[in-house]
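Please open the structure in your viewer and keep the selection panel at hand. This tour goes from one stop to the next, saying what to select and what is there.

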Amino acid sequence: MTATATTAPSQVLAPSAISVPRAYRFELVKLLAQWRVRILIALCWIGPAVTVVVVSGQGTLPSDTLFGREMHATGWAGALVVLSFAGSWFFPLLTSVVAGDVFSSEDRLGTWRHLLVAVRSPRRIFVAKSLASVTVLMMCVPGLAISGIVGGLVVGSRPLAGLDGHPMSPADAAGKLLFAWLCVLAPILAFAAIGLLASVIFGRSPIALLLPAFGGLGMQLASQVLPMPAAVRVALPSFAFLSWNGLFTSPPQLGSLIAGIAVSLAWAVTATALAYVIFMRRDFTSLANDGSMRRAITVGILPLLAVWAAAAGVVAAATGATGSGIDAGKLQQSLATSFGHFYVLQSQQVYHLSYTAAQLRTTASCAKGSDLVDQEGPGNDWRCTVTWRLPGVSDAIGQAVYQLDVSANGRYVADGDGPNQVNGYFVLHAPYGDAPNPLWQFDGLVDLLAPA
Amino acid sequence: MLTEASMQRSYTVRARGLTKCFGDVVALDGVDLDVLAGQIHGVVGPNGAGKTTLFGLLLGLAVADRGTLEVLGTQVGRSHAAPDGVTGFVDGPALYPALTARGNLAALAALRGPGVPRAGIDDLLEQVGLTDVADDKVRGFSLGMRQRLGLAAALLTKPRLLVLDEPYNGLDPAGKKHVHGVLTRLAADGASVVLSSHRMDDVEALCSEVTIVSVGRVVFAGPLAKLADASGELDYRLVTSDQEAARRVAAGTDGVRVVDDAGTGADRDVMVVRALLPALDDLVPRLVRAGVSVRELTPVVSPLESAFLALTEQQEQESSR
């Protein structure tokens with residue numbers, strides 16, 4: 001008689017992966033247990049309000065930041081400064097700290113095998129980790145927005161001058177500010193996806209954390225400073241951190257905004273898909289992944305460069321934008337519009353006169369450097385003469401000169417260069433107190449993708 | 001006569017011809033493994049023998065290139081994950097340092113759903129002797145404490161097969177006692193435990209069967225008793241009431257050699273004899289008849305360790321040829 005061997009019953013032991021919601025909760029618990037994540041969230045909810053209130057009370061304002069020179073005028077400017085500063089510098093750092101570490105941390109702790117045994121599905125782990133990192137980002141972003149608004153309300157809810165000088169009621173400014181925060185979610189997702197990709201590729205290497213941060217800051221510099229065709233600039237996800245600026249002109253510059261959001265979503269989808277494919281192919285029998293630069297270039301950087309090129313091609317084909325997007329015609333139109341609005345404001349505050357911008361029939365004539373220089377592109381050598389008609393005074397024409405410092409992203413600073421009684425520096429009495437002459441220095445914006 | 005129970009032997013693990021390669025490196029080469037339900041099975045072997053790779057296959061972390069693996073009645077392979085009821089750790093337990101001991105277990109329990117109440121977590125912490133540090137961050141835990149918490153984490157899912165790689169690393173005697181107790185109770189409840197250890201005394205104390213692997217191949221598999229039979233002559237420490245008389249009796253017993261006759265210094269009350277088990281069985285009554293009390297008779301090197309060394313050296317020599 002021989003003994004027979006059977007295997008243990010399997011009817012209740014079929015492989016059962018943990019559901020995504022449970023894995024997501026597990027990931028969220030781990031993320032929120034980290035002090036640096038808690039501190040980051042707290043900073044996002046407290047920092048902007050304190051900053052807006054403190055900076056608005058200072059004599060010198062951050063005029064380099066968009067709407068910075070208006071922080072005395074209205075609290076809404078402070079809330080917009082928060083968005084502008086966060087878009088330029090803070091979001092790349094935030095996304096790299098959160099998303100850039102979400103996979104790397106398992107490599108650093110040596111917990112991948114443990115996690116796989118517990119969850120039993122790499123796919124669900126990927127989904128849960130991605131969702132958890134986005135959730136933490138979504139805990140930070142509303143904090144920045146709400147905190148900035150609260151700080152602005154403490155400073156004072158007064159009308160805001162848009163980027164073409166047109167007056168915006170507090171309600172209008174608030175609505176557009178909230179919409180602008182919604183718009184920057186797209187590039188935040190793109191940067192988070194790039195962070196996930198770096199985290200998957202580089203494992204426990206510190207590059208996983210540093211690359212998204214420095215890559216993001218590099219893209220910010222590229223989209224704001226480096227000379228390149230407008231379509232190529234718009235095809236970077238970082239451009240969408242700036243393209244909300246177009247909401248604050250009248251009419252709004254929606255082309256750049258829509259293109260920026262679409263490009264950001266394309267980057268987000270591509271980077272996430274790459275991260276997913278790489279993660280699913282990973283061999284978890286090795287304890288940790290130290291990453292490799294060669295692999296990063298072939299499976300990470302090159303595909304994203306291809307997305308950049310493709311997006312630039314689509315934007316160029318759709319809009320016909322081939323050059324820098326900045327030319328004399330656009331600057332003249334933008335400057336004349338802004339001047340008209342600020343002239344009306346100045347007249348109200350100094351002479352208590354009520355004009356409309358249309359009555360002024362303002363025009364501008366701009367030239368860049370000397371005749372030997374191409375009359376297009378960014379630079380601080382744009383010089384413009386503004387001409388307007390004085391309402392009520394027959395055939396009386398006024399003229400003022402401005403020096404323009406035009407950034408590659410279409411933003412410019414107009415600096416009054418005479419006559420002094422029009423655009424020189426003097427203090428006038430505004431509803432909120434003494435303020436510089438609004439025609440002395442102001443910010444403006446040209447639409448890079450608008451036809452020349 | 002075979003009983004019905006012994007006829008129906010239930011296997012938790014049945015592996016046949018498992019082969020796993022990493023590039024040019026053959027980590028496992030045709031490995032067979034049988035683990036019965038309710039059995040604590042030791043897998044021993046030198047570093048790089050393939051133990052961790054084998055454990056990775058059992059846990060579903062990797063898939064064998066060739067061979068078949070059946071765990072808890074389920075085929076495990078490229079398209080089939082390890083079944084529910086299998087848990088454990090390789091290369092030490094993995095825990096999250098920002099969470100407390102209780103927090104780690106609670107987070108893992110929440111993964112599985114609302115089935116594990118707080119009392120269950122407290123009970124597990126008590127079983128592994130970590131109640132006093134339950135609310136401390138794992139960041140400050142010693143290796144032994146982490147091992148015990150890792151075991152508690154593995155027990156959360158009420159496993160049918162527990163796979164533990166070096167669970168005794170860093171454990172103090174109290175910790176070892178806790179782990180022994182937990183594993184023994186688990187096996188008594190019908191679960192199987194597969195563990196590896198470089199501490200042969202621990203393996204001998206816990207395991208009923210062992211598999212010795214060397215350079216990716218199985219060089220022995222079976223009960224420990226069979227291993228002792230196969231291991232040939234062993235050296236034994238012998239302490240008696242009269243060492244001089246004992247030495248004379250041992251020298252006069254067939255199959256027994258006194259290999260340490262120094263009898264000087266601190267060890268003058270200890271002698272070492274070399275013998276097969278039957279000869280040793282003959283020596284003990286002879287000593288008693290000679291009026292010599294036997295106070296200690298223990299192998300200098302355990303049968304498992306001795307066999308392990310002999311078998312692995314032999315395998316390595318064959319591989320190097």
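The stops below begin with chain A and then move to chain B.

**Chain A as a whole**

Bear in mind from the start that this is a predicted model. Select chain A, which has 15 helices and 10 strands, and whose C-alpha atoms fill a box of roughly 125 × 50 × 30 Å along the principal axes. Of its 452 residues, 54% count as buried. If you consider the contacts in chain A with a separation of 6 or more, residues 24 or more positions apart account for 71% of them.

**The five-stranded sheet of chain A**

Next, select strands 4, 5, 6, 7 and 10 of chain A, which form an open sheet in the order 4-5-6-7-10, with antiparallel pairing. Strand 4 (363–368) and strand 10 (441–445) of chain A are the edge strands, each of which pairs on one side only. From one strand to the next, the twist averages 30°.

Add helix 13 (residues 328–351) of chain A to the selection, and you will find that this helix packs on the sheet, touching strand 4, strand 5 (379–389), strand 6, strand 7 and strand 10 of chain A. The direction of helix 13 makes about 135° with that of strand 4 of chain A.

For a detail of the pairing, pick out strand 6 (residues 397–406) and strand 7 (residues 411–416) of chain A, which run antiparallel and are joined by five bridges. Within this pair, A:Leu404 stands opposite A:Ala414 in strand 7 of chain A. Strands of a sheet pair through backbone hydrogen bonds, either parallel or antiparallel.

**The disulfide**

Which two cysteines are joined by a disulfide? Select A:Cys366 and A:Cys384, whose sulfur atoms lie 2.1 Å from each other. A disulfide is a covalent bond between the sulfur atoms of two cysteines. This pair links distant parts of the chain, since A:Cys366 is in strand 4 and A:Cys384 in strand 5 of chain A, 18 residues apart. The link is right-handed, with 115° about the S-S bond, and both A:Cys366 and A:Cys384 are buried. Over all chains, the count comes to one disulfide.

**The six-stranded sheet of chain B**

Move now to chain B and select strands 6, 7, 8, 3, 9 and 10, which make an open sheet in the order 6-7-8-3-9-10, with mixed pairing. Strand 6 (86–89) and strand 10 (217–223) of chain B stand at the edges with a single partner strand each, so one side of each is left without a neighbour in the sheet. Neighbouring strands of this sheet are turned by 15° against each other on average, direction ignored.

To see a parallel pair, select strand 3 (residues 40–44) and strand 8 (residues 192–196) of chain B, between which there are four bridges. Here B:Ile40 stands opposite B:Val193 in strand 8 of chain B. Then show helix 5 (residues 143–155) of chain B, which lies across strand 6 and strand 7 (161–165) of chain B and runs at about 170° to strand 6.

**Helix 6 of chain B and the largest core**

Select helix 6 (residues 173–188) of chain B, whose 16 residues reach 22 Å from the first C-alpha to the last, close to the 22 Å expected at 1.5 Å a residue. Its buried residues include B:Val179, B:Val182, B:Leu183 and B:Leu186. After the helix comes B:Gly190, whose phi is positive, near 105°.

Stay with B:Leu183 and show its surroundings: leaving aside neighbours within four places in sequence, its contacts include B:Ile40, B:Leu151, B:Leu162 and B:Val193. Together with A:Trp244 and A:Leu335, B:Leu183 touches the most other members of the largest nonpolar core, which has 211 residues. Helix 8 (residues 185–202) of chain A gives the most to this core, with 12 residues.

**A second core in chain B**

Finally, look at a second, separate core of 16 residues, which includes B:Tyr236, B:Leu238, B:Met271 and B:Val273. Select strand 11 (residues 234–240) and strand 13 of chain B, which run antiparallel and are joined by five bridges, and note that B:Tyr236 stands opposite B:Val273 in strand 13 of chain B. Why is strand 13 (residues 271–275) of chain B described as largely enclosed by the rest of the structure? Four of its five residues are buried, so the description follows from that count.

Technical notes:
Residues are numbered from 1 along each chain as its sequence is written. Chains are lettered from A and ligands numbered from 1 in the order in which they are written. This is a predicted model: local features need pLDDT of at least 70, side-chain atom pairs count only at pLDDT 80 or more; totals for chains, interfaces and linings use all residues. Side-chain values use heavy atoms; hydrogens and water are left out. Two strands pair if DSSP finds at least two bridges between them. Helices (H or I, at least four residues) and strands (E, at least two) are DSSP runs, numbered from the N terminus. Axes are lines fitted to C-alpha atoms, for helices over the stretch in contact, and angles run from 0 to 180 degrees between N-to-C directions. Contact means heavy atoms within 4.5 Å. A disulfide is a pair of cysteine sulfur atoms within 2.5 Å. Buried means under 20% relative accessible area, exposed over 50%, partly exposed in between (1.4 Å probe, protein chains only). A nonpolar core is a set of buried Ala, Val, Leu, Ile, Met, Phe, Trp, Tyr and Cys residues joined through side-chain atoms within 4.5 Å. The expected span of a helix is 1.5 Å times one less than its number of residues.
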